[in-house]
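Trainee: I would like to learn how to read charged pairs in a protein model. Could we go through one together?

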Amino acid sequence: MATRKSLSRKARRKSEGFNGTLVEVFWYDATSNDSWREKEEVAQGKRRKQPSSELIYCHTVGILVYENRKQICITDTETNSGSVRGTFTIPKPWIKKVIRK
């Protein structure tokens, strides 16, 4: 029988009842701004101590819950009985890269 230390991280998770795949998702998120600004300022990306009107590049790490052609859903917590909490769904067109571990 293999010792706990000799098992790979993925094999150890499975042996303890956890089936989810760890993923890193690199993606772009939308932004918004509810203050009045001149169109030129927005188009030129001028901030004037206000949030940018450009997309934000994000890096999210979690456990894969499901994936289909439209979206990927990850969670931050999984139990060994198969329950999850804190799910986060990202549309596929927003995703730049996914790394599975």
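Mentor: Gladly! Let us begin with K92, which forms a salt bridge with E67, that is, a side-chain nitrogen of Lys or Arg within 4 Å of a carboxyl oxygen of Asp or Glu. This is a predicted model, where local features need pLDDT of at least 70 and side-chain atom pairs count only at pLDDT 80 or more, while totals for chains, interfaces and linings use all residues. Residues are numbered from 1 along each chain as its sequence is written, and side-chain values use heavy atoms, leaving out hydrogens and water.

Trainee: How far apart are the closest N and O atoms of K92 and E67?

Mentor: Side chains of opposite charge can pair when their charged atoms come close. Here the closest N and O atoms of K92 and E67 are apart by 3.0 Å.

Trainee: Where in the chain do K92 and E67 lie?

Mentor: The pair links distant parts of the chain, 25 residues apart. Strands here are DSSP runs (E, at least two residues), numbered from the N terminus. K92 is in the loop between strand 4 (84-91) and strand 5 (95-100), and E67 is in strand 2.

Trainee: Is E67 buried or exposed, or in between?

Mentor: Buried means under 20% relative accessible area and exposed over 50%, with partly exposed in between (1.4 Å probe, protein chains only). E67 has a relative accessible area of 31%, so E67 counts as partly exposed.

Trainee: Which residues are linked with E67 in a network of salt bridges?

Mentor: R100 also forms a salt bridge with E67, with the closest N and O atoms 2.3 Å apart. E67 is therefore linked in a network of salt bridges with K92 and R100.

Definitions and conventions. Helix = DSSP H or I, 4+ residues; strand = E, 2+ residues; numbered from the N terminus.
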